[in-house]
Amino acid sequence: MARSYSGRMQDTTLPPLQQGPQIWLGPEMAARSDWIVPLSSAEIAEIAAAAEPLADRGADIAALTAADFPLPTLAPRLAGLQQQVLEGRGFVLLRGLPVDRWPLRLSATAFYGLGLHLGSAVSQNAQGHVLGHVRDLGLKSDDPRVRIYQTAERQTFHTDSCDIVGLLCLQAAKAGGHSALVSTGAVWNAVLQQRPDLAAALLQPVATDRRGEVPPGQQPFFTIPVLNWFDGQLSGIYHRSYVDSAQRFADAPKLTPLQREALDLFDSLCNSPAMHFLMTLQRGDIQLVHNHTLLHDRTAFTDWPEPDRRRHLLRLWLAPANARPLPPVFAQRYGSVVPGARGGVPPKNGQLVAPLSPDGGTVG
């Protein structure tokens, strides 16, 4: 039987110091290049051969399956990369998709088709968008209805509501907008070594704001520990600004002074250059990140004045059928903990769509 430490203390011992390839320090990872995987000309041609007929006939991207997007030689390589994400270092960067010469519909179709070989795409908002657009919409994060990826502000280290998050860079910012990654297990190890008195507080439930996207019958927040020890694996789920904004709800459990101190330490460790590292996404880069073993961040950015040059990334939230087991408490946020059928935000009308513009339009 799986044992967990995710709020109910079924196992009274703290998780041990974590080991394995998913435990790394930022400066060491920054000095490596094995996580950068260039796409060969033959692989790009294979992607184009699958995507172009679909794009030419205006196929509904949200209705595609992996069978609609055959990749006879690249698919086995993608399976190996998926294992590096799920079981290894926790991320990979595919480089070289020719978005600079492909129209948006073709780039979006290709990105979505590649993603289908890594997992099922789940909805990223209440509108049922399975293809997200990360772009500054001129909004401000002090509005509790706004999700920070819709701004030009720094995001802070966090996880998304899926197993794997994928980003395709269509346009880079004029300055800033760098991607940051940190190992969740490495941060846990540092907490355990520096302040073991605070470690247990990270395994206690905290309220996290849903930012207005509330499933039927649910509260406007969920209560899941930042770190969860289940079936011998440590999984994180975190967004500090959403934890803080959840305190506005009268029925949300209030953070204790000990929890605040633990979260402050957790944040300071994530923010330490000794723990995380930065990467700059180039046009045509695809970043894949495992949400349960890594936290990701994005620095603030300054955009180009020209509308067609403004920073623009496409996003996928993916649910692989071979993902790790998650504790039952994750069902508050993921809807289910069944691999391949969990994560995302339930669409209000039950329909999944793949818009080709940030405002939800389907024509690009």
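**Cavities in a predicted model**

Student: What's the make-up by class of the lining of the largest cavity?
Tutor: This is a predicted model. In it, the lining of the largest cavity has 12 nonpolar, nine polar and 11 charged residues.

Student: And how many residues line that largest cavity?
Tutor: The lining has 32 residues.

Student: Which ones lie nearest the centre?
Tutor: His158, Thr159, Asp160, His239 and Arg315 lie nearest the centre of the largest cavity.

Student: Which elements give two or more residues to that lining?
Tutor: Four strands are named: strand 6 (164-171), strand 9 (205-209), strand 15 (294-298) and strand 17 (312-319).

Student: What volume does the largest cavity have?
Tutor: Its volume is about 480 Å³.

Student: Stepping back, how many cavities of 30 Å³ or more are there?
Tutor: The structure holds three of them.

Student: How much space lies in the second largest?
Tutor: The second largest cavity holds about 60 Å³.

Student: Which residues line that one?
Tutor: The lining of the second largest cavity consists of Leu78, Leu94, Phe111, Leu114, Gly115, Leu118, Ile286, Leu288, Leu316 and Leu318. By class, nine are nonpolar, one is polar and none is charged.

Student: Which elements supply at least two residues there?
Tutor: Helix 4 (104-116), strand 14 (286-290) and strand 17 each do. Strand 17 also gives two or more residues to the lining of the largest cavity.

Student: Which element gives the most to the second largest cavity's lining?
Tutor: Helix 4 does, with three residues.

How values were computed: Residues numbered from 1 in each chain as written. Predicted model: local features only at pLDDT ≥ 70, side-chain atom pairs only at ≥ 80, totals over all residues. Heavy atoms only, no water. 1 Å grid on protein atoms, 1.4 Å probe; cavity = no way out; pocket = protein on both sides within 12 Å on 5 of 7 lines; lining within 4 Å. Points joined across faces, edges and corners; volume = space filled by probe spheres on them. Nonpolar A, V, L, I, M, F, W, Y, C, P; charged D, E, K, R; others polar.
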